[in-house]
Structure formats: structure tokens, C-alpha cells
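Good morning, colleagues. Please have the sequence and the coordinates open while I speak.

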Amino acid sequence: MPNSSTRASAPDTVLQVCPLLPALESTLSERYRTVRLPELSDPAAFLRDHGDDVVAAVTSARVGVDDALMDALPRLGAIIHFGVGYETTDVVRARARGVDVSNTPDVLTDCVADLAVGALIDVMRRMSEADRYVRAGGWGAAPFPLASSVSGKRVGILGLGRIGRAVARRLEGFGVQVAYCTRTPVPGVGHRHLPTAEALAEACDALVVTVAGGRGTEGLVSAAVLEALGPQGYLVNVARGSVVDERALVAALETKRIAGAALDVFTDEPNVPRALLESDRVVLLPHIASATRETRAAMGDLALRNLRRFMTEGVLLTPVPEASPSTH
């Protein structure tokens with residue numbers, strides 16, 4: 001149900017803030033009075049004239065609901081994110097206004113963890129680079145350079161939330177020594193805990209970043225962390241581009257202060273620094289960690305269940321935690 005300022009005479013509108021999964025968009029239109037904000041010829045006029053009709057907003061993890069949009073929706077009661085991240089929405093501000101916020105946890109954990117491990121194998125074994133080598137005809141001229149093994153290595157996981165723990169479980173099958181960094185040790189976890197990102201990087205051959213995005217983790221993988229990782233170390237980021245100091249990463253790669261990186265996320269997506277595009281020691285992915293048909297369908301289903309629960313009972317199925325997002 002909408003918050004206490006609901007006007008009985010106003011139609012209850014669901015605002016679709018940005019493009020979403022086509023199946024999710026279709027179901028929203030079929031089941032609810034839905035307005036797609038990006039398709040309006042004059043979004044500002046709609047918000048001015050009909051903003052008080054909106055009781056729920058459905059958005060993506062990348063877009064969220066910014067403060068200006070939130071202020072234009074006086075009857076807003078719920079913000080529903082398609083995705084696990086929600087740092088693009090000021091959750092504290094929303095809740096102070098009586099607006100609850102949800103995301104889609106758990107359903108994408110396995111796919112993101114699969115891709116993180118795959119990216120780690122790819123960059124350490126130089127698989128994408130080897131593919132380019134074969135396609136360019138290099139194999140006939142000279143053997144491909146040796147790569148680094150994954151089995152038996154020391155891998156640090158920065159952020160041991162759902163995804164971090166799933167990565168750790170997968171890596172155990174490679175005989176990897178897993179360590180992790182969070183603010184405090186995670187109960188029931190037998191892996192070695194290190195108190196800072198720099199200490200973790202120094203103790204590992206590869207660093208996998210799964211910490212939540214947001215102001216609390218911005219630039220967490222700093223120049224000092226990359227320096228601690230060292231010239232034989234590898235970085236894998238499946239979290240948010242903001243977590244890594246991208247300029248420091250470019251500099252570390254160009255001066256060979258780290259061995260390589262596999263990146264699914266970037267600071268200014270879809271723009272990727274030219275230095276990364278031109279480096280053979282970097283695996284570049286277009287933010288696809290959760291991009292499988294099965295996972296996206298499950299995310300859409302959970303977003304719809306959150307919306308249905310709110311519209312019928314006034315509560316959300318998977319509300320985000322009270323604190324700002326961070327598994328660091």
C-alpha cells in the first residue's frame with residue numbers, strides 16, 4: 001500500500017524509470033497502470049502534472065531513483081530495483097520519507113560467482129589473449145607465451161557477502177588458499193580474515209572484488225592496494241567500477257606493477273579507457289556477470305513479486321538492509 005499521504009481519488013501508477021527486461025516491461029504493463037518515463041515526450045511535464053499519482057517506481061540497479069525524481073513523487077511508497085545493487089538510490093533519504101526499497105538478492109549469486117571464477121581463469125591462463133593470437137595467425141610463427149596456473153594459488157576476496165562466499169566455494173575445488181577482507185570477520189567462515197584491502201592484496205596472488213558499491217567503498221582498490229598486489233598479481237572486478245581507482249589501475253598495468261586484470265565493470269560505463277582496450281593483459285567484459293537468460297528471468301520474477309506484495313500488502317518481499325550497502 002502507498003504511504004500515509006495517499007489520496008483515495010488518485011489512480012495508483014507504477015513508474016518504470018528506465019528500460020528493463022522486455023518480459024518484465026510487458027508484465028508491468030499488463031498488470032498495472034504503468035508509465036514508462038524514458039518513452040515520454042516530456043517527462044518533466046508528466047512529473048509536474050501526474051507525479052502524485054505514482055505509488056511505486058521500478059528501476060534498475062544502475063539507474064536507481066535519484067533525489068530529484070524522488071522529490072517529484074509525493075505519494076511514492078516503494079522503489080523496486082531490478083538487480084542486487086542499490087547504491088544509485090539514497091536509501092536513508094527514501095526511508096526518512098516513508099519509502100521502502102527492495103532489490104533482487106540471491107537469484108544472481110551463482111551466475112556472478114561463475115563469471116568471477118571464469119574471468120580469473122581467463123586472465124591468469126591468458127585465454128582471451130590466446131584466442132586473439134590464434135585468430136591473428138600468430139601460432140604458426142611462434143609458440144604462445146607461458147601463462148600462470150590457477151590451482152594452488154592464494155586468492156583474496158574483497159567483500160564476503162553472498163557472492164563472495166559463492167566465489168570462495170568454487171575456488172576450493174582448485175585447491176586455492178582463500179583469504180578475505182571485511183570490516184569484521186564473518187562468523188562460521190574458516191578462511192583467513194585480513195582487516196584491510198591492502199593487507200589482503202599483499203597476501204594474495206589474485207584479488208577478486210565482490211564488495212558492494214556506493215560511497216563507502218569508492219576507490220577502495222587504490223594505488224596502494226595495487227602496489228601491494230604486486231607485479232605477479234591479478235585483479236578481478238565483478239562488483240562496481242567505482243570500487244577500483246581506474247586511473248591507478250591503468251598506471252599499474254602500463255608500468256607492469258600488476259600482472260593483469262579481468263574487469264566486468266568500469267567507472268564510466270560503457271566508456272572504457274583506451275589504455276585498457278589496448279592492453280593484452282586485460283580481459284574486458286560488458287557488465288555481464290548476471291547476464292544469463294535464467295538469472296535475468298529470476299531477477300524479473302523477484303522484482304514483480306516485490307511489486308505485487310507492496311501493491312497488495314504495503315510491504316516488500318526483499319527489502320534492502322537498513323544500513324547503506326557494503327559488504328566490506
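I shall take the confidence of the model, then its two sheets, then its empty spaces, and lastly two points of backbone geometry.

Let me begin with confidence. What you see is a predicted model. The chain has a mean pLDDT of 94, with 95% of its residues at 70 or more. Two stretches call for caution. Over residues 1-9 the pLDDT stays under 50, and the model has 20 contacts there beyond four places in sequence. Over residues 324-328 the pLDDT likewise stays under 50, and in that stretch the model has 21 contacts beyond four places in sequence.

I turn now to the sheets. As a general reminder, the strands of a sheet pair through backbone hydrogen bonds, either in the parallel or in the antiparallel sense.

One sheet is open and made of five strands, in the order S2-S1-S3-S4-S5, with parallel pairing. Its edges are strand S2, residues 34-36, and strand S5, residues 100-102, each of which pairs on one side only. From one strand to the next, the twist averages 20°.

Within this sheet, strand S3, residues 54-60, pairs with strand S4, residues 78-82, over five bridges in the parallel sense. If you wish to locate this pairing on the screen, alanine 57 has isoleucine 79 in S4 as its bridge partner. Helix H12, residues 293-313, packs on the sheet and touches S1, S3, S4 and S5. The direction of H12 makes about 170° with that of S4. Helix H1, residues 22-31, lies across strand S1, residues 13-16, and also across S2, S3 and S4. The angle of H1 to S2 is about 135°.

The other sheet to consider is an open one of seven strands, ordered S8-S7-S6-S9-S10-S11-S12, and its pairing is parallel. The edge strands are S8, at 192-194, and S12, at 282-284, each pairing on one side only. Neighbouring strands of this sheet are turned by 20° against each other on average, direction ignored.

At the S8 end, strand S7, residues 177-181, runs parallel to S8 and is joined to it by three bridges. Here alanine 179 has arginine 192 in S8 as its bridge partner. Helix H10, residues 246-254, lies across strand S10 (234-237), strand S11 (260-263) and S12. H10 runs at about 140° to S11.

What of the space left between the atoms? How many cavities of 30 Å³ or more does the structure hold? There is one. The largest cavity has a volume of about 50 Å³. Its lining comprises Asn237, Gly241, Val244, Glu246, Leu249, Leu263, Val265, Phe266 and Thr267. By class, this lining divides into five nonpolar residues, three polar and one charged.

The second largest pocket contains about 420 Å³ of space. Twenty residues line this pocket, and those nearest its centre are Arg240, Phe266, Thr267, Glu269 and His287. The lining of the pocket divides into six nonpolar, six polar and eight charged residues. Phe266 and Thr267 are named in the lining of the cavity and are also among the residues nearest the centre of the pocket.

I close with backbone geometry. In general, most peptide bonds are trans, and most residues other than glycine have a negative phi. Which bond joins glutamate 269 and proline 270? It is a cis peptide bond, with omega about 5°. Proline 270 sits in the loop between S11 and helix H11, residues 274-277. Glu269, on the other side of that bond, is one of the residues nearest the centre of the second largest pocket.

The remaining point concerns arginine 126, which has a positive phi of about 60° although it is not a glycine. Arginine 126 is found in the loop between helix H5, residues 109-125, and helix H6, residues 127-135.

Definitions and conventions: Residues numbered from 1 in each chain as written. Predicted model: local features only at pLDDT ≥ 70, side-chain atom pairs only at ≥ 80, totals over all residues. Heavy atoms only, no water. 1 Å grid on protein atoms, 1.4 Å probe; cavity = no way out; pocket = protein on both sides within 12 Å on 5 of 7 lines; lining within 4 Å. Points joined across faces, edges and corners; volume = space filled by probe spheres on them. Nonpolar A, V, L, I, M, F, W, Y, C, P; charged D, E, K, R; others polar. pLDDT = per-residue confidence, 0-100. Contact = heavy atoms within 4.5 Å. Pairing = 2+ DSSP bridges. Helix = DSSP H or I, 4+ residues; strand = E, 2+ residues; numbered from the N terminus. Axes fitted to C-alpha atoms, helices over the stretch in contact; angles between N-to-C directions.
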